[in-house]
Amino acid sequence: NGFGKRLAARGNPSEWAGGSGGGVDTPDMEHGSLTPRGRWELKTGRKKFTAQSLLTSPRSPGFGQQAQLGRSQAQSPPKWGLHARGQTPTAGNPDSESAVEAEAEAEAENDPALLPRGPRAFYEARSYESQWLLTRIIGFNVLANDYYQRLLDYLEASAYPIPASVRAYKLDFRWAAAYQNIRFFALLYIQMQAIQIEQEGGPEVLKLVTLPRPSAGQGEIVVKNQFSGVNFIDTYFREGVYKAPLPHQLGAEGAGEVVEVGAGVDGFAVGDAVVYLGNQNTYAQYAAASAAKAFKIDPTAIPLDIAAAALLQGLTAHTLVTRSYAVKSGDWVLVQAGAGGTGRLIIQMAKAFGANVIATVSNKEKAEVATKAGADHIILYTEESVPETVNKIVPEGVHVVYDGVGKATFDGSMQSLRRLGTMVSFGNASGTVPPVKLLDLAPKNLTILRPQLYGYIATDEERQRHIGALVELLSDKKLDIHVFKTYSLSEVAQAHIDLQGRKTTGKLLIKIE
């Protein structure tokens, strides 16, 4: 039927081309060799069983015995046999296939105890039909896995991303594995929409593409995203300020429903509502996330859009006011871009600690947003000098400046500090800050930091502590989360344009259908 010839090609073709000798081991066979129309002959001591599905125990005399391939040239059409003693089967041979099968089948029916002890690879094959089927199933496993790997090689050569879990998967066409195969191929061929970039640049490089749905690896969960946050860090990856191998996706935070739980994960179940930190992969319908960077939430207490809007910026704000500079009651705090998503949260948290807050904004509309967030003083930086106005409000200067704008505001922020003040530069919205001369810090004994969120939440304990504190603040309604606008996946480029154009107040979200 042609199948045997194709399978034979996986061995040494010269050993399959006629003759009665020649042994060929088929790749991926744990339990012995295989021929297209052959049999597996198992020695149990005094009887031979043609049980393809059995693994003999070490106590069995036939354990580990190497089977040999033989071909009878006298038969037409040619038949293949797999025999421990290398004999060529003939109709009159008491060790022929039909005789061995009949004897083994009858013996097994009358005395099942004669079957070898030990693990069964598949199930007990006691009939010609089941053995015949198993032989072909195992052979098909070998052939299918070969073609499967060739397919993956072709796709990878065509720049199609192949997850490690897909590459490592072994096809299995035994009945017991049918569900596993169906589930695997469902995951492999269920596709999703996602945002991907193939080159660094402006918003125009953001492309809506179709990719395979990810599967959960060790310690991971797969989340069906409902919302993803838009952050400046996404623009840094898009522009190449932060480097990542191309092509790659974008998105650092998301919220949705768990649809798959990987090995080694405790505390999560399919159907859980979660908010999580992504790995530049949340601008997508599905994302695989580290379970250690996810947090279960009650969507009746914290809606998923609010959770997605608060996570990255909320963690940034919380680590800034507790770790970069621990704000205390009575401190004077300057927040650059106080109407932005992170700026509003810094204002609210600083006020919660009892600080006096000065916020800078670009227009009166944003001034209202910052004032509502709790700012005590507002500076319109488009109309007045920030350091001069700060000096009028508090002549000795502020204790700390939180500056997420970067290049455009850095000098004014430094000039606004008092002696022993702290400059926390945490963003590059207007461009990266030029190199700083250390001697410039000396006159006031200033401290300067360029923190990154992930440096503060590197351990499980740190992540859970800060995420837990943020979730508690949200549950207790102590933080006002303002969502400025929600976009679809196809509108992500516009979201980046709006964010970098400083036309927004509050958080930008992507709603994912």
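Start with the whole protein coloured by secondary structure: this predicted model has 15 helices and 20 strands. Keep everything selected for a moment and switch to a surface view. The protein exposes about 23,800 Å², and carbon and sulfur atoms supply 53% of that area. Of the 513 residues, 50% are buried. If you like contact maps, count the contacts with a separation of 6 or more: 65% of them join residues 24 or more positions apart.

**Stop one: a methionine in helix 9**

Next, select residues 341–352, which make up helix 9, and pick out methionine 349 within them. Is methionine 349 buried or exposed? Its relative accessible area is 4%, so with a cut-off of under 20% methionine 349 counts as buried.

Now show what surrounds this side chain. Beyond its neighbours within four places in sequence, methionine 349 is in contact with Gly314, Ala317, His318 and Val321, and also with Leu470, Leu473 and Leu479. Try a distance label on one of these: the C-alpha atoms of methionine 349 and alanine 317 are 7.6 Å apart, although their positions lie 32 residues apart along the chain.

**Stop two: an open sheet**

Clear the selection and bring up strands 5, 6 and 8. These three strands form an open sheet with antiparallel pairing, in the order 6-5-8. At its edges are strand 6 (207–212) and strand 8 (248–249), each of which pairs on one side only.

Zoom in on strand 5, residues 191–197: how many bridges pair it with strand 6? There are six, in the antiparallel sense. To finish, select glutamine 191 and look across to strand 6, where proline 212 stands opposite.

Methods: Residues are numbered from 1 along each chain as its sequence is written. This is a predicted model: local features need pLDDT of at least 70, side-chain atom pairs count only at pLDDT 80 or more; totals for chains, interfaces and linings use all residues. Side-chain values use heavy atoms; hydrogens and water are left out. Helices (H or I, at least four residues) and strands (E, at least two) are DSSP runs, numbered from the N terminus. Buried means under 20% relative accessible area, exposed over 50%, partly exposed in between (1.4 Å probe, protein chains only). Contact means heavy atoms within 4.5 Å. Accessible areas come from the Shrake-Rupley method with a 1.4 Å probe; for residues, only the protein chains shown count as cover. Two strands pair if DSSP finds at least two bridges between them.
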